[in-house]
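Biologist: I should like to learn how to read a structure of this kind. May we go through its features one at a time?

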Amino acid sequence: MTHLPTDNEVARYRADGAVCLRGAFSLDWIDRLRAAVDVDMADPGPMVRLNTPAGSPGLFFVDFQLWQRHPAARDFVFHSPAREIAARLMGSREVVYYHDHLLVKEPGTRERTPWHHDQPYYPIDGEQIVSLWLPLDPVDRATCVEYVKGSHHWGRWFQPKFFRQGGVDLTVQDARFEPLPDFDAERDRHEFLAWDMEPGDVIAFHALTLHGASGNLSTSRRRRAWATRWCGDDARYAARVGQISPPIEGHGLAPGDRLACAMFPKVLG
Ligand SMILES: O=C(O)CCC(=O)C(=O)O
């Protein structure tokens, strides 16, 4: 049985820019995805990034597009409750799958996920873009991704940066981009959202909601998280000058096009 977001959860998503949906996915999905992640780490895809410097403890491992290589990830995109969860949160008839992003922090990893929001990394305009951040291991609030409550309503777009420590700017340019503030230094000026989570729980967040995460503070527990990105009726391809991330190419879209194509499949509607 699909547990669709309640009216209250939809309202929280829209007002706060992030909501934790408890028990949204069965443990069968989690088990299958864990196995896919471990296979992927042993034989990563072409866009893999290792964000921990050699010799430092742990490993911050990033990869993309597992849905194209692993049947469990593909099934999740086409057959799990995710599509309907995304449609309901966005208030969209159609759902197009954009991409996925694997973020593993092995025990003891020190590297933070720097503060950022996702849409400036994407060649997409529109309001209806939701991410589902699905941890495959239990995470406590201190290790969970933290969200700046309501920041998707600020109407501000910040310069995207690479995640590597001391990350440099991506070359992508847009007149809207501002330098990224240090939200840790501004803690008293914002409200932050984060949760203790069990496998099966998921955080849904808007593509303009600012977020960041600590390293993996646990010395024994892995932090495998798989984030999937879903777009709704109003999303349009928007060519950007410079480097976007992930660097997905070959889709054949022109500015203003709706996204649905072989690379960004329509999964609902
Ligand atoms: O898992 C993390 O540390 C960060 C996740 C994230 O930045 C994202 O899903 O956009």
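Modeller: Let us begin with a term: a polar contact is a pair of N or O atoms within 3.5 Å. Please keep in mind that the model before us is predicted.

Biologist: With that cut-off, how far is the polar side-chain atom of histidine 211 from an oxygen atom of the ligand?

Modeller: The distance is 3.0 Å, from a polar side-chain atom of histidine 211 to a ligand oxygen. Histidine 116 also has a side-chain N or O atom 3.1 Å from an oxygen atom of the ligand. For arginine 229, the distance from a side-chain N or O atom to a ligand oxygen is 3.1 Å. Of the 300 Å² of accessible area that the ligand has on its own, the protein covers 100%.

Biologist: Which pocket does the ligand take up?

Modeller: The ligand takes the space of the largest pocket. The elements that each give two or more residues to the shell around it are β4 (95–105), β5 (113–116), β13 (211–213) and β14 (223–231). Of these, β14 gives the most, with three residues.

Biologist: How many residues surround the ligand, and which are the closest?

Modeller: The ligand is surrounded by 14 residues, and the closest are Thr113, His116, Trp133, His211 and Arg223. By character, the shell divides into seven nonpolar, three polar and four charged residues.

Biologist: Some of these elements are strands. How should one read a sheet?

Modeller: In general, strands of a sheet pair through backbone hydrogen bonds, either parallel or antiparallel. Here, four strands form an open sheet in the order β5-β13-β8-β11, with antiparallel pairing. At the edges are β5 and β11 (192–193), each of which pairs on one side only.

Biologist: How many bridges join β8 to β13?

Modeller: Three bridges join β8 (residues 145–148) to β13, and the two strands run antiparallel. Within this pairing, tyrosine 147 has histidine 211 of β13 as its bridge partner.

Biologist: What should one look for in the backbone itself?

Modeller: Most residues other than glycine have a negative phi, and most peptide bonds are trans. In this model, glutamine 65 has a positive phi of about 60° although it is not a glycine. Glutamine 65 is placed in the loop between β3 (60–64) and α3 (71–79).

Biologist: Is the peptide bond from serine 245 to proline 246 cis or trans?

Modeller: That bond is cis, with omega near -5°. Proline 246 lies in the loop between β15 (236–237) and β16 (266–268).

Notes: Residues are numbered from 1 along each chain as its sequence is written. This is a predicted model: local features need pLDDT of at least 70, side-chain atom pairs count only at pLDDT 80 or more; totals for chains, interfaces and linings use all residues. Side-chain values use heavy atoms; hydrogens and water are left out. A residue is near a molecule or strand if one of its heavy atoms lies within 4 Å of it. A polar contact is a pair of N or O atoms within 3.5 Å; within protein, one must be able to donate a hydrogen and the other to accept it, and residues adjacent in sequence count only if both atoms are side-chain atoms. Accessible areas come from the Shrake-Rupley method with a 1.4 Å probe; for residues, only the protein chains shown count as cover. On a 1 Å grid over the protein atoms alone, a cavity is a set of points where a 1.4 Å probe fits but cannot get out, and a pocket is an open set with protein on both sides within 12 Å along at least five of seven lines; lining residues have an atom within 4 Å of a point. A molecule sits in a cavity or pocket if more than half of its atoms lie within 2 Å of its grid points. Ala, Val, Leu, Ile, Met, Phe, Trp, Tyr, Cys and Pro count as nonpolar, Asp, Glu, Lys and Arg as charged, and the others, Gly among them, as polar. Two strands pair if DSSP finds at least two bridges between them.
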